[in-house]
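Student: I should like to learn how to read ring packing and ligand contacts in a model. May we begin once the structure is shown?

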Amino acid sequence: MNIIWHAKTKQFHLYNDQISYIMYVQPNGELGQLYFGKRLHDTEDLIYLSDRIGLSLVTYYDMESQFSMELNRQEYPSFGSGDFSSPAFRILEEDGSSVTNLKHVGHEIYASKKALPGLPALYGTEEEITSLEIQLQDEKNGMHVFLTYSIFRDYPVIVRSTRFENRGKSELVLDRALSLCLDLPDAEYEWMQFSGAWARERRPITRKIDKGIVAIESKRGHSSPNQNPFVILKRANTDEFAGEAIGFSFVYSGNFLAQAECDTYGKLRFLMGIHPDTFSWSMKPGENFVTPEVVMARTTQGLNDLSQTYHSLYNNHLVRGKWKNQERPILLNNWEATYMDFTEESILKIAAKAKEAGAELFVLDDGWFGKRNDDHRALGDWVENPEKLPNGMKGLAEKVVAMGLKFGFWIEPEMVNPDSDLYRAHPEWAIAIPDRHKSLGRWQMVLDFSKEEVVDYIYGMLHRIIKDAPISYIKWDMNRTLTECFSQGLPAKEQGKVYHKHILGVYRLYERLEEAFPDILFESCSSGGGRFDAGMLYYAPQAWCSDNTDGEDRVMIQYGTTYGYPVSSIGAHVSAVPNHQTGRVVPITMRGHVAMFGAFGYELDLNRLTEDEFAMVQEQIRFVKEHRKLLQYGKFYRLRSPFEKNQAAWMVVSEDKSKAILAVYTMRATVNIIPGLLKLDGLDPDKKYGAGDKEYYGDVLMEAGIPLRDDCIPGYNMGHDGNSAILVLEECK
Ligand code: DGJ
């Protein structure tokens, strides 16, 4: 891994064993992009890769040399000086103009990577990462822009972010500040996005790129279940197992824009960052602004390989603290068992049965505080309800811990109900525009976390409960979008900062709680998977994947989630049937077989199961305990997509390839067919694996496949709805 500056040709080359990223200082001093792809030999002068050509109706920066901003690939472009595609940023000056020309001033190359103040960021040692910070400057308005690139030694990955410093004499307004621009020489890519809504999150959608713009966004105040801040550009022939693709993952939990624009000449511009429509940042002289970062990964070996890069990178260089690379406790959450209707006694009964089944952690969900007997009231009043918890959180937690379980509980700290003591005391702490209608979502409003005193107050309330009780886990929920976004008391020209400052407030509260309670495992949640993003993983190493716990729908939701996020981060529970979201009755085997590939748990009252079902739960928990490291941290391969067939299959393989677990699912039975063969992946072709009562060479399993029949995969029957099976493969010694 290295970063080279060729002073003579003013060319930068970032490379590791797998990738090269090359840019240069153009004749006008602005930065141009030359190459991003497979590792190249270092060559001093690759400037011929840029385009110098005379075309009609093109504006040239320099007519003589035919250098045009429009025809050349730019690195961090502005609008208004000859580049007509969407810009990476925009600065408004006091005189009303908004043209900026960022010229190269200098740069710094250093080992490792700097933290981003107040923002989540990847990290690594001096041996693992080298960084480049390029300083650019606009001579007229005095804005200095620092583009940061960090290249990892062991991953085909570059992480980018941008810092703006107003070193001029007047106030400037940054009303667009994306984290990354990547100009590519051709647009022969397909665009993959992960879209959905509540209870049907992250379904892969592939769109063709053609002249014009393809984009996804969130302007909801959180990354959202509607669009995920993760996009893949892939060649048309790229599939799970082969082919070229580039991934872009935004390490941020608020509003975002991801966009690909194919221009008249067939070039492609990819942009990603904070959504400019809901952002405007005024900067006095001396002030600065830092964008969140984007993780750009590349593969030539298919989408599984790309996903595995993100899985390993996020497990090792994003997730922090005690829970990094740790097996996650098997939990029982009472939400679907009781909703808000519980007493200490009924909770203890559920916890006792969970313990008997082998669970390790009990989680008390919503309904334990204030007058919270339904979702109309009490958010913001983080004090135990004495009718439900007569001995407080501490009393309940101690009893659960005495049973031999760990204890955790649910909070939704960013929210307030109008019917709450907190709102009655501080209506100005809610995000709203005075004298204007206030939209509600789930009967609640959003607290204004852009205000430090609000974050401080909520911290104090939560700190009091946590410090007194033996708490091992916290589920941090967020159940409505932001509307009428306005911070009461803030001057007009600062209002464009509120969406972003709110997210910074969320991060600050996480940071403070984690500093005070470093051993607590945090699970993020937003009505299920409404804030499943890389930014959150920095604070909460797992996220409740979806409120939809239906075993069949979960195959799809978890399948889609694995494109960008590791299995260890996917909160996955077995719930009761008929399922509360879909009404479907999926066998407990399949519900378990799906949830096992995640941060595993249950979300039902085990006392209500039949003896046989309870025995099945005990067996599932035993199995997960035995194989948990492999299930949560093994190399994950998607083998058959539930979006293409009525079945799905995936597998995990241990690092040394000596062990693997295959899972196959049938959502809808297909009758009167030959079940066919399923090709496995990631095994050692020369190793012999024992599976069920048979033995196979790795090459046979990967090149010919395994028959999708009960005699080879015990328990599997493609002719039955809701059928599934798990097969453990172990190297024969
Ligand atoms: C939404 C979450 O996704 C659920 O799991 C549950 O915690 C409820 N909120 C509680 O209100």
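Student: Are Trp191 and Phe270 buried or exposed?

Tutor: This is a predicted model, in which local features need pLDDT of at least 70, side-chain atom pairs count only at pLDDT 80 or more, and totals for chains, interfaces and linings use all residues. Residues are numbered from 1 along each chain as its sequence is written, and side-chain values use heavy atoms, with hydrogens and water left out. Buried means under 20% relative accessible area, exposed over 50%, and partly exposed in between (1.4 Å probe, protein chains only). Trp191 and Phe270 are both buried.

Student: How many aromatic pairs does the whole structure hold?

Tutor: Rings of Phe, Tyr and Trp (its six-membered ring) pair if their centres lie within 6.5 Å; planes under 30 degrees apart are stacked, over 60 edge-to-face, and the rest tilted. The search finds 41 such pairs. One of them, Trp191 with Phe270, is tilted, at 6.1 Å centre to centre and 40° between the planes. Phe600 and Tyr602 pair edge-to-face, with centres 5.2 Å apart and planes at 75°; both residues are buried.

Student: Which side-chain contacts does the ligand make with Asp477 and Asp547?

Tutor: A polar contact is a pair of N or O atoms within 3.5 Å; within protein, one must be able to donate a hydrogen and the other to accept it, and residues adjacent in sequence count only if both atoms are side-chain atoms. A side-chain N or O atom of Asp477 lies 2.7 Å from a ligand nitrogen, and a polar side-chain atom of Asp547 is 2.4 Å from a ligand oxygen.
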